[in-house]
Amino acid sequence: YSRPPWIIGATISRRECHAEDSPHRQVKMCLHAFALWMGLAASCFSAIASESRCRIKELTADCSHLKLSEFPPDLPVNLTEINLSHNQLKRLPSSVLSRYTRLRILHVGYNVIPKIDGSLCQALPSLDMLALQHNQLSTLPARGFSNCRTLTELYLQFNRIKMIAADVFGGLQELQILDLSHNQLRSARIGVDLQFPKLQSLLLSANKIA
């Protein structure tokens, strides 16, 4: 059995407090040691708490409104739905997402994500719904969604997207809902007729389309 670092620090600190020195110096040393111990303990307990704050129910993880800046690395790998909305995420690393091969629904709206990893869909081959609204996206990667072959809903509203290349949505044969409203688009040409044979709803309101 090995003691945690804050316990070891506390043991050392108690020995230091009994050192032969003036009472005033002993008090200062003890206070400093106690503050150090409290800091180590708080850091450890905070790390443990950050890993367990997500609410897990069956195959769904609700990690919303937790002020997270990174994707939780320790969620169950068999999840089918993850909600990470209303946090402070800046990226969606494919290296982490690739663990969740059964994931069908991913909510990452209301974050500060500036770009999408081009291999996002390759990491999540079973994805049905992707919500990226209210982020800071200004561009979309070329053929960035080409591997999202099962995707039926894609929400990109309230971003800063100015232009969409012709091949961005190539491969989305199952897409039924695409929301690009409240962006900065100047053209509605996104290859709808050719790329989305099953599209039922296309939202382009509140853009700069002439």
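Reader: Why is Lys198 called partly exposed?

Author: Lys198 has a relative accessible area of 42%. Buried means under 20% relative accessible area, exposed over 50%, and partly exposed in between (1.4 Å probe, protein chains only), so Lys198 counts as partly exposed. This is a predicted model, in which local features need pLDDT of at least 70, side-chain atom pairs count only at pLDDT 80 or more, and totals for chains, interfaces and linings use all residues. Residues are numbered from 1 along each chain as its sequence is written, and side-chain values use heavy atoms, with hydrogens and water left out.

Reader: What makes the contact of Lys198 with Glu174 a salt bridge?

Author: A salt bridge requires a side-chain nitrogen of Lys or Arg within 4 Å of a carboxyl oxygen of Asp or Glu. The closest N and O atoms of Lys198 and Glu174 are 2.8 Å apart, so the pair satisfies that definition.

Reader: Why is Glu174 called partly exposed?

Author: The relative accessible area of Glu174 is 28%, so this residue falls in the range between the two cut-offs.

Reader: How do you know that Arg104 and Asp128 meet in a salt bridge?

Author: Their side chains have an N to O distance of 2.7 Å, so the criterion is met.

Reader: Is Asp128 buried or exposed, and why?

Author: Asp128 has a relative accessible area of 18%, so the residue is buried. Arg104, by contrast, counts as partly exposed at 46% relative accessibility.

Reader: How many salt bridges does the structure hold?

Author: The structure holds four, including that of Arg91 with Glu70, at 3.5 Å between the closest N and O atoms.
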